[in-house]
Amino acid sequence: MELVILFIASLFGLLLLYNMIRRKIMEIRNITSNVVVMKDHKSYGNTDVIIVGAGVAGSALACTLGKDGRRVHVIERDLTEPDRMVGELLQPGGYLKLVELGLEDCLEDIDAQRVGGHVLYKKNGEHIMLSYPLEKFQAVDASGRCFHNGRFVQKMREKAATLPNVRLEKGTVTSLIEEKGSVKGVNYKTKDGRELTAYAPLTIVCDGCFSNLRRSLCNPKMDIPSTYVGLILKDCQLPYANHGVLVMSDPSPVTFYPISSTEIRCLVLIAGQKVPSIANGEMVNYLKNVVASQVPSELRDALIRAIGEENNIRRMQFRSMAANTCTIPGSLLIGDAFNMRHPLSAGGMTVALSDIVVLRHLLKPLPNFTDANAVLQRFYTLRKPVASTINILAGVTYQVFSPSLDPSRKEIREAFYGYLRLGGIFTNGAIGLLAGLNPTPLGFAFQFIAVAVYTFGRLLLPFPTPNAILRGARLLYVAIDMIFPIIKAEGIRQMFFPASLPAYYSAPALAHKSDQ
Ligand SMILES: Cc1cc2nc3c(=O)[nH]c(=O)nc-3n(C[C@H](O)[C@H](O)[C@H](O)COP(=O)(O)OP(=O)(O)OC[C@H]3O[C@@H](n4cnc5c(N)ncnc54)[C@H](O)[C@@H]3O)c2cc1C
C-alpha cells in the first residue's frame, strides 16, 4: 500500500516538475522572441527607409535619399540587368528631372540616343515634323533620350550601391509588417530561401506595374488592359535623324524610336484584350499584312525582316491606374505601383522622377522619418499638377489615336493633326506639354480650348451652316466626354486648385488604421 502511495506521489511530483520545466521553456522562448523583435526594432536605428524594388523609381529614389545622407535599405528581387521593352524613351521633361536629381550621368556609356522630337505620319505617307521646343533648356543639354531600359536601371543601381549609406540587397519582399495600424517594415525571402525581416520608420514600395504589395496599402481602380507588341529593327535608319516616328495607322498607332546606335524599337499597339497569338503565327500575319503596309517606306523592309526573325516579337500588357492616397502611416507607393498611365506618350518615367523630386524636397528638412506622415500627405497634393497633366495627356493622346467606330473620333484625330500643323505657340505648346517640359493644368486647359476653337473654326469657315454648327457641337461633346472622366479620376480640385486644399500647406495628422 505504501509503495502504491509512493508511486502515485512520485508520478504526481514528476508531472508537476514537467509542467514547471515546460512553463520555464515557454517563458524563455517568449523572452527570446521578444529579444528578436526588440533587436529588430532597435535596428530601426540603422535604417531610415526601406525601398522595395530597384527599377526606375526605386533605384533613382535610393540614389536621391542616399545622397541626402539617409540610411537606405533597398530590396530588389532580381539584380541582373533587366531585359524588357518598357521605359525606353525618357521625355525631355524626365531628363530635366534626372538632372535635378543629379543622375544624368546614368545615361552615359549605355549608347543612349538623343531624340529631338517625333515625326507624325498618316498612313498615306503625309507627315509633320514635331520637334521639341528645347530652346530655353540648352544650358542643361536637354533632349529626349532613348536607351535599353535595363542598361539605364543597372547604371542607377550601380550608382546607388556606391553610396556608403545605401544597402542594396537581393530579396523578394513577401509582405509588409503592420503593427498598430502602421507599416514598420517588410518580410522578405533571400535567394537561398531564408525568410528575413527588415524594419524602418518609412517603407517606400516601388515594385512596379504588377505590384503585389499595393493592395496592402490602397485599393486602386484599374482599366481594361491593352497590349504593346514590340520588335527590334536592325540595319536601318529613321526617316529623319534624331526623330522618332508615330504612325496614325489603322486600327491603332505604331511607334519607332532608336534604343541604341544600331537598333530601332518598333511598338505596335493592340487595343483591348483580343491579341493575335504569337505561338500560332497569327501575330506574324497581322504585322505583315496589316501593319507593315502602313509604316513609312524607309522602315518597311527592316520591319518585315524583323518580323521574320526568331524570338524577336514580344508582348507586354499595360493598364492605366489613377493614383490613390495611401493612408497607412509609415508607407508610401511610388512609380507604377502607385500610378500608371497609357505609355503612348511615354510619360511613366517622367512622372516617377518628378514624384521623387517632390518627395525629396518634402523629406529633406526632416531629421528622421519617424514622423514623416504629415509630410507624406502633402506629397499627394504637391505632385498633382505635374503628374495629373502628364496622365491626362497620356489618356487623351491614346483616345485620339486609338481605334474607334465613332466617326466623330476620326474627325477629332484629323482636327488634331491639322492643329499640330499650325506651328508657333500652338504646336510648340502641345509638343512641350507632351514632352513634359512644362506640364501645368493651365497649359493643358489652354491647349484644349485652342484645339476646340480650331476645330470649330475649321467647320464654320468660310460660312457657318446649321449642319456645321451641329457637327461642331457634337465634336465638342465627344471631346469633353473623352477627357472629363480622366480629369475626374485625377481629382479636379487637386489638379486645378491645389492651393485650396489644406494639405497644400500642411497636412492633418493621419489616423491610425485601428482608429478608423
Ligand atoms: C509597354 C510599355 C512601354 C513603356 N514605355 C515607356 C516609355 O517609353 N517612357 C516612359 O517614360 N515610360 C514608359 N513606360 C512606363 C515605365 O516603364 C514605367 O513608368 C517605369 O518603368 C516605372 O518604374 P518602376 O520603378 O515603378 O517599375 P519598374 O521599373 O518595373 O521596377 C519595379 C522593380 O521592382 C522589382 N520588384 C517587383 N516585385 C518585387 C518584390 N516583391 N520584391 C522586391 N523587388 C520587387 C522588380 O524586379 C523591378 O526591378 C512604359 C510602360 C509599358 C508597359
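Modeller: Let me start with a term: helices and strands here are DSSP runs, at least four residues for a helix and at least two for a strand, numbered from the N terminus. With that, Asn311 falls in the loop between α7 (297–308) and β17 (314–318). Please keep in mind that this is a predicted model.

Biologist: Thanks! Why is Asn311 called exposed?

Modeller: The word exposed applies over 50% relative accessible area. Asn311 has 73% relative accessibility, so Asn311 counts as exposed.

Biologist: And what is notable about the phi of Asn311?

Modeller: Its phi is positive, about 55°, although Asn311 is not a glycine. Most residues other than glycine have a negative phi.

Biologist: Which loop holds Lys180, and is Lys180 buried or exposed?

Modeller: Lys180 sits in the loop between β9 and β10. Its relative accessibility is 73%, and the cut-off for exposed is over 50%, so Lys180 is exposed. Lys180 also has a positive phi, of about 50°, without being a glycine.

Biologist: Since we are at β9 and β10, what makes β9 and β11 edge strands?

Modeller: They belong to an open sheet of 3 strands in the order β9-β10-β11, with antiparallel pairing. β9 (172–179) and β11 (195–199) each pair on one side only, and that makes them the edge strands. From one strand to the next, the twist averages 30°.

Biologist: How do you know that β10 and β11 pair?

Modeller: Pairing requires at least two bridges between the strands. β10 (residues 182–189) and β11 have 5 bridges in the antiparallel sense, so they count as paired. Tyr188 stands opposite Leu196 in β11.

Biologist: Now to the loop between β14 and β15. Which peptide bond is cis?

Modeller: The one from Asp250 to Pro251, with omega near 5°. Most peptide bonds are trans. Pro251 lies in the loop between β14 (243–248) and β15 (254–258).

Biologist: Why is Leu459 called buried?

Modeller: Buried means under 20% relative accessible area. Leu459 has 16% relative accessibility, so Leu459 counts as buried. This residue is part of helix α13 (residues 441–460).

Biologist: What is Leu459 in contact with, leaving aside neighbours within four places in sequence?

Modeller: Glu411, Ala468, Arg471, Gly472 and Leu475. For Arg471, which is 12 residues away along the chain, the C-alpha separation from Leu459 is 7.9 Å.

Biologist: Which residues have the most contacts inside the largest nonpolar core?

Modeller: Phe152, Ile204 and Leu363, in a core of 120 residues. Helix α8 (residues 348–363) gives the most to this core, with 9 residues. Apart from that core lies another, of 28 residues, including Val247, Ile264, Val268 and Ala292. In soluble globular proteins, nonpolar side chains tend to be buried together.

Biologist: What does Leu363 touch, not counting residues up to four places away in sequence?

Modeller: Leu363 touches Leu65, Arg70, Leu202, Phe369, Ala372, Val375 and Leu376.

Biologist: Lastly, what is the mean pLDDT of the protein chain?

Modeller: The mean is 87, and 89% of the residues reach 70 or more. Over residues 23–43, though, the pLDDT is below 50, and beyond near neighbours in sequence that stretch has 6 contacts in the model. Residues 507–516 also have pLDDT below 50, with 18 contacts beyond near neighbours in sequence. The model scores are ipTM 0.99 and pTM 0.88.

Definitions and conventions: Residues are numbered from 1 along each chain as its sequence is written. This is a predicted model: local features need pLDDT of at least 70, side-chain atom pairs count only at pLDDT 80 or more; totals for chains, interfaces and linings use all residues. Side-chain values use heavy atoms; hydrogens and water are left out. Buried means under 20% relative accessible area, exposed over 50%, partly exposed in between (1.4 Å probe, protein chains only). Contact means heavy atoms within 4.5 Å. Axes are lines fitted to C-alpha atoms, for helices over the stretch in contact, and angles run from 0 to 180 degrees between N-to-C directions. A nonpolar core is a set of buried Ala, Val, Leu, Ile, Met, Phe, Trp, Tyr and Cys residues joined through side-chain atoms within 4.5 Å. pLDDT is the predictor's confidence in each residue, from 0 to 100.
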